[in-house]
Amino acid sequence: MTKKRLLLSLLALVAAGGLLLAGWGLWRPTASSRPPTPGHRAHLDHSSFFDQPFQEGPEVTRACLRCHPNAGRQLLGSTHFTWLAPPAEIPGRTGIHAVGKRNLINNFCIGITSNETMCTKCHAGYGWRDGRYDFTREENVDCLVCHDWSGSYLKGDAGLPVPGTDLRAVARSVGYPRLDNCGVCHFFGGGGMGVKHGDLNTGLTTPQAKDDVHMGLQGMLCIDCHGGREHALRGRSIAVSVDRAHSLACEDCHQRHRHQDARLDTHLAAVACPTCHIPTHAHLAPTKLAWDWSQAGDGTRPQDEHQYQKKKGAFVYGQSLVPEYRWWDGRTGRYLAGDPVDPARTTELNPPLGAKGDKKSKIYPFKVHRGKQPYDLQHEHLLTPQTTGPTGYWTTFDWDGALRQGAQQAGLAYSGQYGFVATAMYWPLNHLVRQAGQALACADCHGAGGRLDWAALGYDADPAGVGGRR
């Protein structure tokens, strides 16, 4: 079956009201995302290995570890496995905090607590069903999800391979991680393609030069920028990270880059490279901009993956979008479970930190996702509902029961009274980088009709105009 037919089948499932399972492993391209790129080492051909069939994923991992004895230990300490970053300071708070997908609240599917079986379909491990998961067992590591070259490997509930997967064939196919290996989770984060990221989707499996200068024109893979030693990948997502540790920057490779126009070089002190070189995002596929959980539960409304689902509520999607711009110094604020919210204001879950005049801050492009999600009316903090399972909201459509169960497992107080509050999350745009000829020109930002909100950025006027100042 071709990739196109697979995607059409998926859309048919969604139209029928089915769960967006694409985000949890039911999408895989049937062929390599691209031929091996010069500079990527060839892995040892495993096609003649493994004489006996495998019955389960951990059995494959045990076989991998016989030749790669350090790999399991390395993965156990990685954020891809722990879903927690190393303890770090959060600006404006005392002490240090270990935060990550494992314990944070978002404004998409809200949180994994009590929903582990479904959420961990994108975990680089096997068997994470609840809070009792053993993060110390090397055989729980899933080697195949990152190294499969067969195009047939699918992960199901709790990250286990779906029944019927030929694990021996997958194990014999392994190689270095390619675009489709990373994309099977990162293209579909939040339950569908483009839900979280405005700059990642299946169009980057076989990108064209006009779409992305790195992956499309140069033939680069994710590991060319994000690869690290001993399975410690580089890069960070401010959806779950708060400091600058392990961050990537354009200047890591383009250290001596200069423009042919000196006026453009003067911008480098205050404007980040992606601001000009990512003029739009979501131009290959739509991305989700808003999610209103308060409207969920209405079975009479038409079901549409980009507008409404009974299980999840109402959505707003957009395509070929102008980013929103903020000053950013690489650090991020963070809403932590139990923090108070002001029902009259939008709660920013991960506000980028920075300010005009700060030498570490630059104007950066973001996708901003706006949500409306449940909170406790008496305690005035956000709540994590249990959505999955026979007693979860997606089965019962009972908010009180779902919130009571989720709060109990998350250790949050629940008064029995709930409402819905506005939230916002920021997603920096780093992919879909365009070539110089496609980058922003002066008039895109300066002058009448420019895209930047100069007042919001701290200027009294356009700094290139009469009366403006930096």
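I started with the aromatics: Phe-108, Trp-291, Trp-293, Phe-315, Tyr-393, Phe-397, Trp-399, Tyr-418, Phe-420 and Trp-427 make up one cluster. I counted rings of Phe, Tyr and Trp (its six-membered ring) as a pair if their centres lie within 6.5 Å, with planes under 30 degrees apart as stacked, over 60 as edge-to-face and the rest as tilted.

Note to self: this is a predicted model, where local features need pLDDT of at least 70, side-chain atom pairs count only at pLDDT 80 or more, and totals for chains, interfaces and linings use all residues. Residues are numbered from 1 along each chain as its sequence is written, and side-chain values use heavy atoms, with hydrogens and water left out.

Searching the whole structure, I got 24 aromatic pairs. I looked up Phe-81 and Phe-135: centres 5.9 Å apart, planes at 85°, so edge-to-face. Both are buried (under 20% relative accessible area with a 1.4 Å probe, protein chains only; exposed is over 50%, partly exposed in between). Next came Tyr-364 and Phe-366, with centres 5.8 Å apart and planes at 50°, so that pair is tilted. Tyr-364 and Phe-366 are buried too.

Then I checked charges over rings (NZ of Lys or CZ of Arg within 6 Å of the ring centre and within 35 degrees of the ring normal). Arg-178 has its charged end over the Trp-149 ring, 4.2 Å from the centre. Lys-288 lies over the face of Phe-315, 3.6 Å from the ring centre; Phe-315 belongs to the cluster I began with.
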